[in-house]
Amino acid sequence: MERIELIAPCHFGLESVLKREILDLGYEISSVEDGRVSFYGDEASICRANIFLRTAERVLLKVGEFHAVTFDELFEGTKKLPWEEYITENGKFWVKKASSVKSKLFSPSDIQSIMKKAIVERMKKQYHREWFPEDGAEFPIRVFLFKDRVTVGIDTSGESLHKRGYRRLSGKAPITETLAAALIMLTPWKKDRILVDPFCGSGTFPIEAAMIAMSVAPGMNRYFTAEEWTNLIPKRLWYRSVEEANDRICRDVIVDIQGYDIDSNVVKVARENAKEAQVDHLIHFQQRPVKELNHSKKYGFIITNPPYGERLEEKSELPSLYQAFGESVRRLDSWSVYMITGYEDAERYFGRKADKNRKIYNGMLKTYFYQFMGPKPPRKG
């Protein structure tokens, strides 16, 4: 493989953050679409993208794309793709996921079985054999159909990239690590400014912020499917990428990151997760209700995911909760507040209209990222 194209899916509404991350890694963007960013790279970029990207859900190696409105066209289009360049003779390959939007072909199970047959036919011809043992490395295939355009990729990541490996325990309705990182990166927060999450749950916002402050690559302590693709990616490229990740860590960083929650058991979970992520020395967790939120420092940041009644809290409790949050924030008059919630009356009970509001889909759930800007601190010197 010389020049390849990779596809990185992400949360809808956060493509700009992922695009910036990819550019910072030094890669050329090929396209930005709803929920995904594509870019050009080489074998090493598969390793680096998986290890360094904080906001991508996974990294796919693009095999090709074509137009199809019938199952015959889907079969023929799939068969024309150069599968033998990627999948070994003993490789295990299957269409793990098919999604279809505004396309004539919309049955995922039919799309999956027809494409598998087409790949087998192609491989029979190229490898000159009638049967494949499929007892080697795994090559899970993902396909998107949008307006009858079929885009095909092989999943290099395996488990979703939000699974960093540190969250062994979860509180109630945890926000994913990739979404938390993206929302932090949407704000102007920097490690020299205090950050507080008054509804910290299992600690995802504080932990992701600490990892950003330390420049800890999110994927450096986990396994990826493509590590077994020795036919495509030499092992040394993985070792080199992990070495690069280790070299980037700022071990002597000083930050003020705090997480509060009303539930003492949840606070214990957050502490354990921070320990697993090896950033517990950077975060102060404390049991504290939101009405007791206060701080002597000025120009701080609140980044949080308050409860919004989705299966967890009774809707009737939400007005008083958001009112208490708003009253506490009014005492912190120089602070900036960033809040993601699906509660439609959040601004009303918080007592202030957001300066900015961004719609973000958290899975299938529509949420809003409310941004309440505080004053900028005076320039030093």
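Is Glu-177 buried or exposed, and what is its relative accessible area? In this predicted model, Glu-177 is buried, because its relative accessible area is 3% and the cut-off for a buried residue is under 20%.

## Glu-177 and its surroundings

Glu-177 belongs to helix α5, which covers residues 177-186. When residues up to four places away in sequence are not counted, Glu-177 touches His-162, Arg-164, Tyr-166, Arg-167, Thr-204 and Glu-208. Two of these partners, Thr-204 and Glu-208, are among the buried residues of helix α6. As for the separation from another part of the chain, the C-alpha atoms of Glu-177 and Gly-41 are 25 Å apart, with their positions 136 residues apart along the chain.

The loop between β7 (149-155) and α5 holds Glu-159. Once its neighbours within four places in sequence are left aside, Glu-159 is in contact with Arg-58 and Arg-222, and a polar contact of 3.3 Å joins its side chain to that of Lys-163. The C-alpha atoms of Glu-159 and Ile-51 are separated by 13 Å, although these residues are 108 residues apart along the chain.

## Helix α8 and what covers it

Helix α8 comprises residues 264-276, and because its 13 residues should span 18 Å at 1.5 Å a residue, the 19 Å between its end C-alpha atoms agrees with that expectation. The buried residues of this helix are Val-266, Val-267, Val-269, Ala-270, Asn-273 and Ala-274. Seen down the axis of α8, these buried residues fall within an arc of 155°, so they line one face of the helix. The face turned away from the buried side carries Lys-268 and Lys-275, which are exposed. Among the elements that cover the buried residues of α8 are α6 (204-214), β9 (257-261) and β10 (283-287).

Both ends of α8 have a local feature that can be described. At the start of the helix, a side-chain oxygen of Asp-263 comes to within 2.9 Å of the backbone nitrogen of Asn-265, and the helix is followed by Gln-278, whose phi is positive and near 60°.

## Helix α6 and the loop after it

Helix α6, which is one of the elements covering the buried residues of α8, is itself mostly covered, with 10 of its 11 residues buried. Its buried residues are Thr-204, Phe-205, Pro-206, Ile-207, Glu-208, Ala-209, Ala-210, Met-211, Ala-213 and Met-214.

Just after α6 comes Ser-215, with a positive phi of about 60°. This residue lies in the loop between α6 and α7 (235-248), and it counts as partly exposed because its relative accessibility is 28%.

## Positive phi outside glycine

Most residues other than glycine have a negative phi. Against that background, Ser-215 has a positive phi of about 60° although it is not a glycine, and Lys-102, also a residue other than glycine, has a positive phi near 50°. Lys-102 is found in the loop between β5 (92-101) and α4 (108-127), and it is exposed because its relative accessible area is 62%.

## Strand β3 and the β13–β14 hairpin

Arg-36 lies in strand β3, which covers residues 36-41, and it counts as buried because its relative accessibility is 12%. Leaving aside its neighbours within four places in sequence, Arg-36 is in contact with Ile-7, Ala-8, Pro-9, Cys-10, Glu-15, Ser-31, Phe-144 and Thr-151.

Strand β13 (residues 356-362) and strand β14 (residues 365-372) run antiparallel and are joined by seven bridges. Within this pairing, Lys-359 of the one strand stands opposite Tyr-368 in β14. The two strands form a hairpin with two residues between them, and Gly-363 in the turn has a positive phi of about 70°.

## Cysteines

A disulfide is a covalent bond between the sulfur atoms of two cysteines. With a pair of cysteine sulfur atoms required to lie within 2.5 Å, the count of disulfides comes to zero. Cys-47 counts as buried because its relative accessibility is 0%, and Cys-200 likewise counts as buried because its relative accessibility is 5%.

Terms used
Residues are numbered from 1 along each chain as its sequence is written. This is a predicted model: local features need pLDDT of at least 70, side-chain atom pairs count only at pLDDT 80 or more; totals for chains, interfaces and linings use all residues. Side-chain values use heavy atoms; hydrogens and water are left out. Buried means under 20% relative accessible area, exposed over 50%, partly exposed in between (1.4 Å probe, protein chains only). Two strands pair if DSSP finds at least two bridges between them. Helices (H or I, at least four residues) and strands (E, at least two) are DSSP runs, numbered from the N terminus. The expected span of a helix is 1.5 Å times one less than its number of residues. The arc is that of the directions from the helix axis to the C-beta atoms. Contact means heavy atoms within 4.5 Å. A polar contact is a pair of N or O atoms within 3.5 Å; within protein, one must be able to donate a hydrogen and the other to accept it, and residues adjacent in sequence count only if both atoms are side-chain atoms.
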